Amino acid sequence: MFKQSAMLVIGAAMLVSCGSGGNDFNDQFREGFIKSCEQASTAAGTPADVATKVCDCSADNVMENYSAVERAQLRGDKVDKILDQCMAETGSAQS
């Protein structure tokens with residue numbers, strides 16, 4: 001569910017935040033990440049409340065642990081690990 005759209009989420013978040021500087025970039029990246037994550041997740045059949053919890057957690061993790069340059073370079077495996085961690089933390093792990 002979540003992992004199938006990991007690259008879409010990062011790509012969309014980067015596009016949303018292009019052209020911004022400083023905190024604007026960070027705010028727009030986070031907003032774009034969450035919006036893209038929720039859209040992709042619910043389109044894949046994840047309940048909206050679950051998508052919101054996991055996507056918020058994932059965005060917080062990305063914002064706290066990766067610089068802007070690192071965020072731009074995030075790829076599937078790293079994003080999958082972030083999503084897995086957040087699914088476990090929020091009690092939303094796939095069975």
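## Two buried cysteines

Cys-37 and Cys-55 are both buried. These two cysteines are joined by a disulfide, with a sulfur-to-sulfur distance of 2.0 Å. Cys-37 belongs to helix 2 and Cys-55 to helix 3, so the bond ties together parts of the chain that are 18 residues apart in sequence. The torsion about this S-S bond is about -75 degrees, so the disulfide formed by Cys-37 and Cys-55 is left-handed.

Cys-55 can be described further. With a relative accessibility of 0%, Cys-55 counts as buried because the limit for that class is under 20%. The C-alpha atom of Cys-55 is separated by 8.8 Å from that of Ser-41, a residue 14 positions away along the chain.

## The model and its confidence

The structure described here is a predicted model. The mean pLDDT of the protein is 80, and 75% of the residues reach 70 or more. Among the elements, helix 3 has the highest mean pLDDT, at 94, whereas helix 1 (residues 6-17) has the lowest, at 50.

These values guide the reading of the model. Where pLDDT is low, the predicted coordinates should not be read in detail.

## Overall architecture

The protein contains 5 helices and 0 strands. Read from the N terminus, the order of its elements is α-α-α-α-α. Of the 95 residues in the protein, 39% are buried.

The contacts and the surface complete this general view. Among contacts with a separation of 6 or more, 65% are between residues 24 or more positions apart. The accessible surface of the protein comes to about 5,200 Å², and carbon and sulfur atoms account for 50% of that area.

## The second disulfide

The structure holds 2 disulfides. Besides the bond already described, a disulfide joins Cys-57 to Cys-86, with the sulfur atoms 2.2 Å apart. Cys-57 lies in helix 3 and Cys-86 in helix 5 (residues 76-89), so this pair ties together parts that are 29 residues apart in sequence. Both of these cysteines, Cys-57 and Cys-86, are buried.

The torsion about the S-S bond of Cys-57 and Cys-86 is about -75 degrees, so this disulfide is left-handed. When the bonded cysteines of the protein are numbered in sequence order, the pairing reads 1-2, 3-4.

## Ser-58 and Asn-61 in helix 3

Ser-58 lies in helix 3. At 0% relative accessibility, Ser-58 counts as buried. A polar atom of the Ser-58 side chain lies 2.8 Å from the backbone oxygen of Val-54. Leaving aside neighbours within four places in sequence, Ser-58 is in contact with Phe-33, Ile-82, Leu-83 and Cys-86. In this list, Cys-86 is also the disulfide partner of Cys-57.

Asn-61 is likewise found in helix 3. Its relative accessibility is 11%, and Asn-61 therefore counts as buried. Not counting residues up to four places away in sequence, Asn-61 touches Tyr-66, Ile-82 and Gln-85. Ile-82 also appears among the contacts of Ser-58.

## The salt bridge

Side chains of opposite charge can pair when their charged atoms come close. How many salt bridges does a search of the whole structure find? The search finds 1. This salt bridge is formed by Arg-30 and Asp-60, whose closest N and O atoms are 2.4 Å apart. The pair links distant parts of the chain, since Arg-30 is in helix 2 (residues 22-43) and Asp-60 is in helix 3 (residues 48-65), 30 residues apart.

Are the two partners buried, partly exposed or exposed? Arg-30 has a relative accessibility of 28% and therefore counts as partly exposed. Asp-60, with a relative accessible area of 30%, is partly exposed as well. Both values fall into this class because partly exposed covers the range between the limits for buried, under 20%, and exposed, over 50%.

## Links made by helix 3

Helix 3 recurs throughout this report. The disulfide of Cys-37 and Cys-55 connects helix 3 with helix 2, and the salt bridge of Arg-30 and Asp-60 also links these two helices. The disulfide of Cys-57 and Cys-86 connects helix 3 with helix 5. Helix 3 is also the element with the highest mean pLDDT.

Technical notes. Residues are numbered from 1 along each chain as its sequence is written. Side-chain values use heavy atoms; hydrogens and water are left out. A salt bridge is a side-chain nitrogen of Lys or Arg within 4 Å of a carboxyl oxygen of Asp or Glu. Helices (H or I, at least four residues) and strands (E, at least two) are DSSP runs, numbered from the N terminus. Buried means under 20% relative accessible area, exposed over 50%, partly exposed in between (1.4 Å probe, protein chains only). Contact means heavy atoms within 4.5 Å. Accessible areas come from the Shrake-Rupley method with a 1.4 Å probe; for residues, only the protein chains shown count as cover. A polar contact is a pair of N or O atoms within 3.5 Å; within protein, one must be able to donate a hydrogen and the other to accept it, and residues adjacent in sequence count only if both atoms are side-chain atoms. A disulfide is a pair of cysteine sulfur atoms within 2.5 Å. pLDDT is the predictor's confidence in each residue, from 0 to 100.
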